[in-house]
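Please examine the sequence and the structure shown below. The explanation that follows them is written for a reader who meets this structure for the first time.

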Amino acid sequence: MVKQEKASANRPDNTAFTQQRLPAWQPMLSAGIVIPGFVLIGLAFIGIGVALFVTSRGIQVLEIDYTGVEQNSPCFPCTDQNRKNCVCDVNFSIDTLFQGPVFFYYGLSNYFQNYRKYGVSKDDYQLSGDLSYFKAPSSTCSPYEYDKNNKPIVPCGSVANSMFNDTFKLFQIVNGAKKQVSLDGKGIAWWTDYNIKYRNPSVTPLKNAFNGTVKPLFWSKPAYELDLSDPANNGFINQDFLVWMRRAALPNFRKLYRRITDGDYAQGLPAGNYTLEVSYNYPVLSFGGRKKVVFSNVSWMGGKNEFLGIAYLVIGSMCVFMSIVMLIVYAKFKFPEED
Amino acid sequence: MAKESVESGLSWEVRANSHHYHKHKQKKSLLCFRWGRYADNVVRSYKYSPLTFLPLTLFEQFQRAANLYFLLMMVLQCVPVISSIPWYITIIPLFIVLTVRGIKDLANDMARRRSDSEINSRPCDVLISQSFNTAQWKDLCVGDVLRIHKDQVIPADLLLLCSSEPHSLCYVETADIDGETNLKYRQALSATHTKLTSHPSEEALAAFDGVVLCEEPNNRLYTFRGQLHWGGECHLLDNEHILLRGTVLRNTEFAYGLAIYTGADSKILRNCGKLRVKTTRTEKVFNRVVIGIVLSVLLAALFLAIGNGVFSSRVMGQMGVPSGLVVDSNPAYTGFLAFWSYIILLSPAMPIALYITFELIHTVHSLFIGWDLEMYWQQAEKPAQARNTSLSEELGQVGYLLSDKTGTLTQNRLLFRQCCIAGEIYGDASVRAEDVEPMDLNWNPYSCGGLFMSAPSLVEKLRGQQCPLSRQFLAALSLCHTVMAEWKEEAPVYQAASPDEEALVGAARELGWVFLSRTRDFIVVSELGVIRQYQLLALLDFTSKRRRMSVLVREPEGGLKLYCKGADIVILERLQKDFPYQERTEEALELFAQACLRTLCIAVRSVPEASWEQWSKTLAQSAAMATSDLDALLEKLYDQMETELQLLGVTAIEDRLQEGVPETIALLKKAGLKVWVLTGDKKETAVNIGYSCRLLDPDTRLLEWQELRQILQAPDPGVSFFKARQTELWAVDTETAGAKTAVVLTGPELAEFDQRPEWGATFMSLAEQCQSVLCCRVTPGQKADIVTLVRKHTTSITMSIGDGANDVNMIKTAHVGVGLAGVEGGQAVQNADFALSQFRFLQRLLLVHGRWSYRRISLFLRYFLFKTCGFALVHVWFGCFNGFSAQSLYETWFIALYTVFYTATPVMCLAFFEQDVSAESSLKWPELYMTGQRHELSSPLMLSLSLLYAVYSSLVLFFIPFGVFYNTAFDYQTMAVTVSMAATFTATFEIMLLTKYWTKFSLAALCVSVVMFFICTRITHNKRLFEREPYEYNFIGVSDKAFIDPVVWLTALLTSWTAVLPSMTALALNVILTSHDKHKVHSVSHQPVALNSRFRRGTPLRRSSYALSQGAGPGRLITSGTCIRSTAPPMDEKVTASNNSTDSQVQIHIKDNNNSLNGT
């Protein structure tokens, strides 16, 4: 026996692997599994779809376009490019209590923040507070790298340059008087953006770090003076700046502006008339864009999203429909003689 | 003189013993310059030298469109302006691919070098200054005189000068050239024989200064034209004086030869064909698809680039400062840049990883073939071997199997299995030869085994002197033949030109009638111990036309007897009328035919002295006439003698098939393969083997050349063929009629195809309807031509299988070449793509490994296309919503890792382990193989469908997340992660649907891949990496948020489910429509393929043949005494014919044989 084994050095190993006899599970699908399977999956999808749809229905959304395209719209005068510091009031009313916490977004449409060359036009080293890149911004920022006098722009690049600079104040009209709704601008940016991705240079005061640089061409204030009310909310870690720097996926998008979480409006916006005081700076008409503000409350699934629920319902129903078709085919195929 | 020779085409000049003269003119080459005339005797099958390896391998590799494409991608990615993904994503895999390929090629080349040097360094004896020195084959040069030892392989094409045997005869085995294993004799010119053997041979040979003028090197194995100019005389040379390279010297102590063609000029190497690189059909189809993909990518990129230009120009005209949409130059230029960026961005649709994986899968499949114990041959300790690792899926699509006969289908052993004497049948053919109980033959001192027939009753009768017929029968066997006896260790060893005869004489020896020796005039036989000497009066030799041979002997008692053996039809019509046992003999013939035994009828006739005298006179006269129709005259005379015969019996010889051949062929036929036999052997033998290995059914109608030619020439070959089939009475059903026809062709007939190329297509369409095609007497070159014919006129995959050097060309020519390693490893294996030890392993190689491999690779390719295209094409749709700016929808790391880490292992497991049905079921249900023959799984249509499916899934992958994220606060990076997740899930779902055979590896691979996605994503979104390389790891923190967001999960789930829904539905419908079929395959036990045609109703056509070497038998050598060693100095052949009758007979034989030899 031993001799025999010795003699056959060429003999292949007799293992399950080499002989391709690995133990395996071979699912034996049959109509009895497939059709009910389809029905079950379809039903599950329909279930999810219903849940999403119902949840989505429960979310209140108020969307107000304030671009001012129409002549009678309140912001129409501000669309004149020559007007500086134009302020317009947009009035709206709420019929029922707008459940809190209310999220306050601004929205842009036909705005391609996902354009590649736009997206890459920033300097990550500079934005993480590396002072050497203050002097010589990365070439990726082109053409917003240096100004006409060849001074470095900080923050450089198109994304920063095109930062949204409309500001909003919300008032409730209570007995004819304006009552300001306090807006919470803290924590609207991502935690990682605020704490890791974007850092101010460790220079105090912050202003000194920006010596020898210029602000982006489009900006009215330098980066270290973005929020005069809160010194900590300046430079690259300004919340609005961070929100803007997080590029949108698609040409129609919203970005979180403020949250209404404290004070009298913590429970939501009560029914009544409101005025939105818009400081209108951001030009969008030149490229056919639109600006809007959106008030929305959120659920477990975030903001209102009817598409997802409907899509689930459609696909779920398709599965159920398919299983019926299969059943018919199966019946025809199985008992052909009975026809 | 030389001028004349040149004019007659004899321009190849060889001067004996002038090494330096020829050495000087040897072919040499430097770079691309070549000069010189004579090839050296070195085999060079390698491609690379250390210097040329790198440039050559790179050149070869970049000839593949894919590699060039990847190189272009890499270059593009190095240009920062357009680089939408980083350069290292392509260069690393490309580098790996090039290195792996290069190393593989190098290893193959080294193996070739090794085998070359093994051949080149074989020893041979070369005459150098009056003595023979051992040299190596590679040192040989045209004009050298060589000494060949017994059993030595001949190193070059030689002119036989003389040999150690009488008359300078020598025997060669040409198995490697034409597949015939019987010995052939070659004889030197009498001039060289007499002058070179008279002295001590070295001296005489060293002084030999003849000049040979002959044809230029060519590939015609059976012809040779030349002249030897020596001593002022000119001698004509023909094929009989030539020893071909690759043949083996047998039964001859020494032979001396002059090298005429060496190395690449030798006839066998001229027949070898070129080494060609084989690519599989699937790969070709796939390459076309790849080109299609590349073109579509270019087109898509073009459209997107135009879109980009338009977008830029629109935006540029209107945009104010605030817009971030930087357009810093003219739109045409941005569009141009976007074009290249999109090409880069869409290039993952055709990833290089595909090629790496493809290669890997092929290698593993090859390993599986080598590992298979069922294809391991215990006796030779040889496993199967895949020498070419990239053809495994081709094994699953073979439509035509072109097989050699000798050594492949048959073992070349002929066994005497049965006989019928006086209507009594002895032996039983239904018992396997190995299982036959050996008879007790101790009483016979000459018995040395080898009789696979058990017939004690016959032995009893013989020894008991009861039955004179059986005694005569055996006497006939021991007398009527052309076998030589050589005495070795007290026992006669038989040398026969025909293996049939050897078997018959051997059987007679075992049964007590021992052929002891022969001289020119006498045959000595020991009959049950009594030595008797018969005088040989005449030998009426075999020709393929006569199909019989006879001997006329004078018995020791003085009587004249004619013993005759031959094909049944020929003998039966020459018998006395109303011979006894007629019915029972015919029954026996039928029975033997059913058992696929080769039969011969043995008959005897007592010749009256008077008629003999008259006959011999007439014979002598007609021989003297020497007219042109001597042949016909002789035949008539022979006919006169072979009449009024008395039937003694019938012999039945089994031509041993290789183990399991009939079963294998039956199985392969069931699997839809067309099996053709291409052999250098005779037609009779080939047809007989065709029947015995179940290639032809007993009632198969053979369509021979004359008929076929008429059909081919007819205006409408199809109709003529149909008619030809219908001429048979039994052909009631046209369907079966078609299946029951086989074409039999021979080499010379095939040559006509060269002149009529238009017949090829017609012939193939006819052959398609036939059961089989047998091609006999074909040269290696013709074998390859037939393969080419099949390749050209059908879309099927061809496979050649053979074992000898004569099969090398067809092995190289076919899509897949299989070499049988058999007992001795041969040239065939060296050149084959797959090496097997046994023909029957073909079942498993094709039906199991081939089928699995084809299925696995097709699934793999389709899946790979689906997953990569589906994933990459998303960018086209995304382009419409980002200003056609070549923005990637994925993180670059995801693009890099998707094909490698997230989706690679499950599909590899699929390609390694997938089995739709088990090996046993594959063999039980050969019909399953037809899927591959129809190329169903890898057809362009299927691949296009996969692409279409990929397009669909890319649409889903983009538009569902688009719908969800449109007009929301979700950012680009979250969407990127969502789509990535959906893409990974889609690929995972799809592979789950495809996998039918879940091994632990498949399951692990699947889980690991999905987990890898989450882990790697988390890693690349990690804080540390970001701090190190902010540009590369820009997605910091995205997965933290995305992986806990229910919307992301729900979107990914919905997307991937919707993406695989068509595949899921197709699968479900397939299950519903075919459920019971599959069930059958899986569960119902089924009898293995039974050879149900073994005994069937009706009268099978009897087959009887007398297989001798091509052309005529060696009768003249016997009657001339040339090859009889025991005789005293041979008589001069040129004695006048009137001397005695035997001598006239000699003359006639010489003539007869020369004619028939020239005729073939």
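The paragraphs below treat the confidence of the model, then the cysteines, and lastly the overall make-up of chain B.

The structure is a predicted model. For chain A, the mean pLDDT is 88, and 96% of the residues reach 70 or more. The beginning of that chain must be read with this in mind: over residues 1-6 of chain A, pLDDT stays under 50. For these residues the model has 0 contacts beyond four places in sequence.

The cysteines offer a way into the structure. A search over all chains finds 3 disulfides in the whole structure. In chain A, the disulfides follow the pattern 1-4, 2-3, 5-6 when the bonded cysteines are counted along the chain.

One disulfide connects A:C75 with A:C88, and the distance from S to S is 1.9 Å. A:C75 belongs to the loop between β2 (61-65) and β3 (86-94) of chain A, whereas A:C88 is in strand β3 of chain A, so the pair ties together parts that are 13 residues apart in sequence. What is the handedness of this disulfide? The torsion about the S-S bond of A:C75 and A:C88 is about 80°, and the disulfide is therefore right-handed. Both ends can also be placed with respect to the surface. A:C75 has a relative accessible area of 1% and is buried. A:C88 likewise counts as buried, at 3% relative accessibility.

Another disulfide joins A:C78 to A:C86, with 1.6 Å from S to S. The link of A:C78 and A:C86 is left-handed, with -60° about the S-S bond. Are its two cysteines buried or exposed? A:C78 counts as buried at 5% relative accessibility, and A:C86 counts as buried at 1%.

A further disulfide is formed by A:C141 and A:C156, where the sulfur atoms are 1.8 Å apart. Both A:C141 and A:C156 lie in the loop between α5 (132-135) and α6 (158-161) of chain A, so this pair ties together parts that are 15 residues apart in sequence. A:C141 is buried, its relative accessible area being 0%. A:C156 is buried as well, with a relative accessible area of 2%.

Chain B also holds cysteines that deserve attention. Why does B:C467 not form a bond with B:C419? The closest cysteine sulfur to that of B:C467 is in B:C419, and because the two are 11 Å apart, they are too far for a bond. A disulfide requires cysteine sulfur atoms within 2.5 Å. B:C467 counts as buried, at 16% relative accessibility. For B:C770, the closest cysteine sulfur is in B:C775, at 12 Å, which is too far for a bond. B:C770 is buried, with a relative accessible area of 1%.

The view may now widen to chain B as a whole. Its secondary structure comes to 43 helices and 36 strands. Chain B has 1160 residues, of which 61% count as buried. How much area does chain B expose? The exposed area of chain B is about 45100 Å², and carbon and sulfur atoms supply 58% of it. The contacts of chain B can be described by separation in sequence. Among those between residues at least 6 apart in sequence, 75% join residues at least 24 apart.

How values were computed: Residues are numbered from 1 along each chain as its sequence is written. Chains are lettered from A and ligands numbered from 1 in the order in which they are written. This is a predicted model: local features need pLDDT of at least 70, side-chain atom pairs count only at pLDDT 80 or more; totals for chains, interfaces and linings use all residues. Side-chain values use heavy atoms; hydrogens and water are left out. Helices (H or I, at least four residues) and strands (E, at least two) are DSSP runs, numbered from the N terminus. Buried means under 20% relative accessible area, exposed over 50%, partly exposed in between (1.4 Å probe, protein chains only). Contact means heavy atoms within 4.5 Å. Accessible areas come from the Shrake-Rupley method with a 1.4 Å probe; for residues, only the protein chains shown count as cover. pLDDT is the predictor's confidence in each residue, from 0 to 100.
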